[in-house]
Amino acid sequence: MPRPSPVRDAVHRVLRQEGAHGTTLDRLRELVAAAGVRADFSSVYRAVLRLEQEGDVVRVDLGDGVSRFEGAGSHHEHVKCDRCGAVAAVPGCLLGSVADLVMASTGFELSQHSLVLSGTCSGCRGGGGSPVRVAPGAGRRAAL
Ligand SMILES: [Zn+2]
Ligand SMILES: [Zn+2]
Ligand SMILES: [Zn+2]
């Protein structure tokens with residue numbers, strides 16, 4: 001049994017609750033503080049790395065070099081707004097047959113991937129609250 005850690009528990013809890021996709025460390029520290037757990041930046045960072053190692057938390061790479069994390073759940077891709085930085089989940093995996101193509105052309109069997117789509121969210125396009133729509137293939141950037 002791992003040693004119980006209030007900070008780790010709090011980080012795990014807030015990441016599971018936080019609906020946002022890809023919580024930055026700064027935001028995570030705020031959430032942990034709001035949950036009533038005193039923790040400095042480095043203890044939050046250590047806690048999230050530990051949770052990542054244990055598979056309870058996944059790192060979300062949005063291609064901008066900022067570390068973001070979210071609770072591990074079913075696999076999905078992310079789309080990010082170029083203007084305001086809003087992030088939404090794209091349900092399911094979009095890679096599909098591309099994984100076969102990669103294997104056929106390189107011989108690599110993929111173990112994981114992060115795929116970040118970017119575009120302009122409905123808010124920034126001046127539309128109402130309609131969900132983010134992305135034209136297939138638009139602004140696609142894959143990091144395999
Ligand atoms: Zn997500
Ligand atoms: Zn936006
Ligand atoms: Zn995928």
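Q: What makes two residues count as being in contact here?
A: Their C-beta atoms, placed from the backbone, have to lie within 7 Å. Keep in mind that this is a predicted model. By that test, V7, A10, V11 and V14 in α1 meet L28, L31 and V32 in α2.

Q: What makes the contact of α1 with α2 nonpolar, polar or charged?
A: Just tally the residues: 7 are nonpolar, none is polar and none is charged. Ala, Val and Leu are among the residue types that count as nonpolar.

Q: Why is α1 called roughly perpendicular to α2?
A: The axes of α1 (residues 6-17) and α2 (residues 25-34) cross at roughly 110°. Angles from 65 to 115 degrees count as roughly perpendicular, so α1 gets that label relative to α2. The two axes also come within 9 Å.

Q: How do you know that L28 is buried?
A: A residue needs 20 or more other C-beta atoms within 10 Å of its own to be called buried. In α2, L28, R29, L31 and V32 are buried. D26 and A34, on the other side of α2, are exposed, a label that takes 12 or fewer such atoms.

Q: Why do we say the buried residues of α2 line one face?
A: Look down the axis of α2: its buried residues fall within an arc of 160°, so they line one face of the helix. What they pack against is α1, β1, α3 and β3. After α2 comes G36, with a positive phi near 85°.

Q: How do you know that β1 pairs with β3?
A: Pairing takes at least two bridges, and 2 bridges join β1 (residues 23-24) to β3 (residues 68-71). You can find T23 opposite F69 and T24 opposite R68. These strands run antiparallel.

Q: What makes β2 a partner of β3?
A: Here 4 bridges join β2 (residues 57-60) to β3, again against a requirement of at least two. One of the partnerships is V57 with G71. This pair is antiparallel too.

Q: Why are β1 and β2 called edge strands?
A: The 3 strands form an open sheet in the order β1-β3-β2. β1 and β2 each have a single partner strand, so one side of each is left without a neighbour in the sheet.

Q: Which helices lie on the sheet strands, and at what angles?
A: α1 lies across β1, β2 and β3, running at about 80° to β3. α3 (residues 41-54) packs on the sheet and touches β2 and β3, with its direction making about 105° with that of β2.

How values were computed. Residues numbered from 1 in each chain as written. Chains lettered and ligands numbered in written order. Predicted model: local features only at pLDDT ≥ 70, side-chain atom pairs only at ≥ 80, totals over all residues. Axes fitted to C-alpha atoms, helices over the stretch in contact; angles between N-to-C directions. Parallel < 35°, antiparallel > 145°, perpendicular 65-115°, else oblique. Arc of directions from axis to C-beta.
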